[in-house]
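Biologist: I would like a close look at the interior of this model, meaning its packing and its empty spaces. Please give it as one connected account, with the cut-off for each term.

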Amino acid sequence: MSSQEPDQPLLFGSEEDEAAYDSDEKVLIIGIDEAADDDDSGVPPFSWKKLWLFTGPGFLMSIAFLDPGNLEGDLQAGAIAGYSLLWLLLWATAMGLLVQLLAARLGVATGRHLSELCREEYPKWASLVLWVMAELALIGADIQEVIGSAIAIKILSNGYLPLWAGVIITALDCFIFLFLENYGVRKLEAVFAVLIATMALSFAWMFGETKPSGSELLIGILIPKLSSKTIKQAVGVVGCVIMPHNVFLHSALVQSREIDHSKKGRVQEALNYYSIESTIALVISFIINLFVTTVFAKGFYGTELASSIGLGNAGQYLQDKYGGGMFPILYIWAIGLLAAGQSSTITGTYAGQFIMGGFLNLRLKKWLRALITRSFAIIPTMIVALIFDSSEDTLDVLNEWLNVLQSVQIPFALIPLLYLVSKEQIMGSFKIGPLLKTVAWTVAALVILINGYLLLEFFSSEVNGVVFGTAVSAFTTAYVVFIVYLIYRGFSLSSLRGLVQSKGITDSGN
């Protein structure tokens, strides 16, 4: 064999970089390749048919706003704070929408997703750290989602199937995902639409059964109110909205449509349609979260049970409060929870493929990528299910640790995203302007500070002992140093490029 032609592993391909979608997998937008006008920068007129063809990625993205972790945050906020944090849920969703639109902007304008660009823009060591952090965030989210599904399965089986059995059943969703993916992106998106509709109908049914106060609901949305007793729930509402793996996911999902990147007008058209469909998707997710929060506000706010309610016992508490009827509310809750868990675990598998493929530039076969991605989450989840199956209290403690794990990772998705969408060499004319940049960094700083507060509160109550305290201090120092590095790198490179460009202009003027 010639030395110029080394063996290539069958599972990998180094000839081409990893891509989110192959060209034959993408949805062809009607008229996208037609020369409708001679002006490449002109944006074609609005078309309902095109909006329908672009609809899908935003709804897959919105599932992270409806996962079991978010539902638990909703029910606890409702039970402990009543209707008073609905305004915060609204504004947190709006902040999440801004971040997701920036992720979509990055994917559409560059034709590459966030993990690919991180691999190219950062030194190898920093890229690997970002990859590990993204994987840890995904594992933490996936454990919550799988446990949520397993709890729903346990309820629907009247307790015959223990938590670990529900975990195994949920693990099989990666094979469902692979099966559906073979039939094309649109079929997969249709399945997620059905799951979101199932959640909406289930929680709307609960809303109708419990009849929360309409006036208190409106006051809660329109009038900001916060007290020292509800700080923890408020932090949870904001912290649950921005999921690190979801930022990576959305930047890849938008590449499922075939657009002509050589025409500025076509790229802008895609951004416009994605903005519309993402906004609609998150409005629906906000309404679903609103249903859950208000149901538990109506039933448990001001009661002795409020502080003890969690994902594991919420269904039984609802049943005890509202009884059976033709369709017992316990099973309606379980159906909605199962739809939330199943949809979010499948999107987690999707996100895991993009994160691994992008950071490591691996062109693995789909079945192998899905298997590896699911194994990362299922193995620790199975251990968790076996250990915590008999104790709701310890399961709630575990959930708190998982929330902390995801909160820790938020800066490692937000900071690279904001750095990249501000970079003209990457985004071209689609880089964000000064006003949007200021707003985006303000939102990012707010989210990071809020999650920092959550971490401080958590560790101050949980850290005991010299050894553990020293380990946490060392980790915190390294953590802060890496965040400072990411921020410094972004701003220093931007300033350096501005200086070089200014010098170039001056020299050319001379």
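Modeller: The account below goes from the whole chain to the core, then to single residues, and then to the spaces.

This is a predicted model, in which local features need pLDDT of at least 70 and side-chain atom pairs count only at pLDDT 80 or more, while totals for chains, interfaces and linings use all residues. Residues are numbered from 1 along each chain as its sequence is written, and side-chain values use heavy atoms, with hydrogens and water left out.

The protein chain holds 21 helices and two strands. Helices (H or I, at least four residues) and strands (E, at least two) are DSSP runs numbered from the N terminus. Of the chain's 510 residues, 54% are buried; buried means under 20% relative accessible area, exposed over 50%, and partly exposed in between, with a 1.4 Å probe and protein chains only. The accessible surface is about 22,500 Å², and carbon and sulfur atoms account for 66% of that area. Such areas come from the Shrake-Rupley method with a 1.4 Å probe, and for residues only the protein chains shown count as cover. Among contacts (heavy atoms within 4.5 Å) between residues at least 6 apart in sequence, 86% link residues at least 24 apart.

Next, the core. A nonpolar core is a set of buried Ala, Val, Leu, Ile, Met, Phe, Trp, Tyr and Cys residues joined through side-chain atoms within 4.5 Å. The largest one has 156 residues, and those touching the most other members are Leu106, Phe203, Met206, Phe296, Trp333, Tyr350 and Leu417. Helix 13 (residues 264-300) is the biggest contributor to this core, with 16 residues. Setting aside residues up to four places away in sequence, Phe296 touches Leu75, Gly78, Ala79, Met206, Tyr301, Ile309, Ala314, Leu318 and Trp333.

Tyr350 also appears in the surroundings of Leu60, a residue of helix 2 (residues 57-62). Beyond neighbours within four places in sequence, Leu60 is in contact with Glu189, Phe192, Leu253, Thr347 and Tyr350. Leu60 has a relative accessible area of 3%, so it is buried. Its C-alpha atom is 9.8 Å from that of Ile346, although 286 residues separate the two along the chain.

A charged side chain can be found under cover as well. Glu135, in helix 6 (residues 124-156), is buried because its relative accessible area is 7%. With neighbours within four places in sequence left out, Glu135 contacts Gly352, Ile355, Met356 and Phe376. Helix 5 (residues 114-121) is largely enclosed by the rest of the structure, because seven of its eight residues are buried. Those residues are Leu114, Ser115, Glu116, Leu117, Cys118, Arg119 and Glu121.

Now the empty spaces. On a 1 Å grid over the protein atoms alone, a cavity is a set of points where a 1.4 Å probe fits but cannot get out; a pocket is an open set with protein on both sides within 12 Å along at least five of seven lines; lining residues have an atom within 4 Å of a point. Grid points are joined across faces, edges and corners, and a volume is the space filled by probe spheres set on the points.

The count is seven cavities of 30 Å³ or more. The second largest cavity has a volume of about 70 Å³. Its lining is Phe65, Asn70, Gly73, Asp74, Leu89, Gly236, Val237, Cys240, Val241 and Asn289. Helix 3 (68-81) and helix 11 (231-241) each give at least two of the lining residues, and helix 11 has the largest share, four residues. By type, this lining has five nonpolar residues, four polar and one charged. Here Ala, Val, Leu, Ile, Met, Phe, Trp, Tyr, Cys and Pro count as nonpolar, Asp, Glu, Lys and Arg as charged, and the others, Gly among them, as polar.

The second largest pocket encloses about 380 Å³ of space. Of its 17 lining residues, Gly452, Leu455, Thr476, Tyr479 and Val480 lie nearest the centre. Helix 20 (434-462) and helix 21 (466-509) each supply at least two residues of this lining, with helix 20 giving the most, nine residues. The pocket lining has 12 nonpolar residues, five polar and no charged.
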